[in-house]
Amino acid sequence: MNAQSHMVSGFDPMPADMVTPRQQAPLHLAPVGAKAVDLDFDGGRLSSDAGVVLLKDIDAQLGLTRNLAAVLSDPRDPRRINFTLEDLIKQRVFQIAAGYEDANDSNALRDDPIFTLLRDRRPETGASLASQPTMSRCENRVSRPELSRMALELLHQFLASSAKPPQVIVLDVDDTEDPVHGEQEHARYDGYYGGYCFMPLHVYAGLSGRLITTILKAKRFTGAQMLAVLKRLVKRLRQVWPHTLLIVRGDSHFASPEVMQWIEAQPHLGYVTGLTSNAVLQALAREVVEQATRAYALSGHKVTRFHSTRYQAGTWSGPRRVVIKVEVSEQGINTRFVVTDLEQARTKVLYQQISCARGQAENESKDHKLYLKSDRTSCHRFEANQFRVLLHSAAYVLLET
């Protein structure tokens, strides 16, 4: 109800000549003082997504969707289109950020007053937004070189997020399961997850949680492939921050000899990764396990011990520092291993404060995959699915900012 006889809609009332037969005239109730009171059951064109308006100014300040659109080519005849590439990317990214992860959602939202407002159109009289077929055609036009330029733009956004060169950047690298359920290109069976999936690689700044880039891949990278990614990434970071200490942090499958050997040869670059257990490592940990077991038997409380040693796998060029963590509790004995080239860090600090902090990157991947639904990679073309992942990454950057 409104004390000045206006429709309760949040926007200007619809002109009388636009009222359809299904819409009922308001009920005129008893006035209050000199003011009329009208009761309207229509409500006008409402939206439950007003909060997404906050992202419009952030996107304008970052230039994110504008720059992403700028790296794409558009073969369409400009005389015959209603939506530029920037229009389409803005609409899709804002919808993803608001929780509408599917291209099909564009059909229901093309006349939503909030999303119409985000594209600088009048909510009541402005033209409709793009539909699902238009979005799908856009997804399937993108080429691999354009995808590389979009990923590079995300890296530029990360570089621009710091006013001055940071002293340390932790590069958290992790991949995650992205199940496929149709005939998507390059889908692979993964025995660990027990199904067909992609394995997108996420790279975050470990101290800030900011997204650096996301790469869709068919399966887990080999050591040589991961090294190629790191070389390109570090090269770009070094162009802007030549003296920043970079630390690569990851799970055990990132402890490949190619990656470790290359990192060790670079200035201001280090690594801390998990290490898969084997018989030799278990033998190196035996004395620590025995000490922790005796301490637990005496105290009855959980006991944790840390130890630093040298270890060389058969494929390694030389011995490397390995940190051993042994935990004994009522649940049994838990032994973990970490390999690193950070020789000066104290053993306990390196494991607890540096290595274990990697768990936060898993939370950020969950935000990306579970809350922004970046696993909606249901297109047939692999390039179209990578395009989708990058759009979800853009929504992540806006929300994180």
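Which residue stands opposite Asp 178 in β6? In this predicted model, the partner of Asp 178 is Phe 198. The two strands concerned, β4 and β6 (residues 195–198), pair in the antiparallel sense over two bridges. They belong to an open sheet of three strands, ordered β4-β6-β5, with antiparallel pairing. At its edges lie β4 (178–179) and β5 (188–190), each of which pairs on one side only.

Aromatic side chains offer a second view of the structure, which holds eight aromatic pairs. One of them joins Tyr 100 and Phe 115 in an edge-to-face arrangement, with 6.0 Å centre to centre and 80° between the planes. Because Tyr 100 lies in the loop between α3 (85–97) and α4 (105–109) while Phe 115 lies in helix α5 (residues 113–118), this pair ties together parts that are 15 residues apart in sequence. Tyr 100 is partly exposed at 22% relative accessibility, whereas Phe 115 is buried at 2%. The rings of Tyr 189 and Tyr 196 have planes at 75° and centres 5.4 Å apart, so this pair is also edge-to-face. Here Tyr 189 counts as exposed, with 52% relative accessibility, and Tyr 196 as partly exposed, with 49%.

The packing of two helices may be considered next. The axes of α12 (residues 359–371) and α13 (residues 382–400) come within 10 Å and cross at roughly 115°; the crossing is right-handed. From α12, the contact involves Glu 364, Asp 367 and His 368, and from α13, Val 389, His 392, Ser 393 and Tyr 396. By character, the residues of this contact comprise two nonpolar, three polar and two charged.

Definitions and conventions. Residues are numbered from 1 along each chain as its sequence is written. This is a predicted model: local features need pLDDT of at least 70, side-chain atom pairs count only at pLDDT 80 or more; totals for chains, interfaces and linings use all residues. Side-chain values use heavy atoms; hydrogens and water are left out. Axes are lines fitted to C-alpha atoms, for helices over the stretch in contact, and angles run from 0 to 180 degrees between N-to-C directions. Helices (H or I, at least four residues) and strands (E, at least two) are DSSP runs, numbered from the N terminus. A crossing is left-handed if the near helix is turned anticlockwise from the far one by less than a right angle, and right-handed if clockwise. Contact means heavy atoms within 4.5 Å. Ala, Val, Leu, Ile, Met, Phe, Trp, Tyr, Cys and Pro count as nonpolar, Asp, Glu, Lys and Arg as charged, and the others, Gly among them, as polar. Two strands pair if DSSP finds at least two bridges between them. Rings of Phe, Tyr and Trp (its six-membered ring) pair if their centres lie within 6.5 Å; planes under 30 degrees apart count as stacked, over 60 as edge-to-face and the rest as tilted. Buried means under 20% relative accessible area, exposed over 50%, partly exposed in between (1.4 Å probe, protein chains only).
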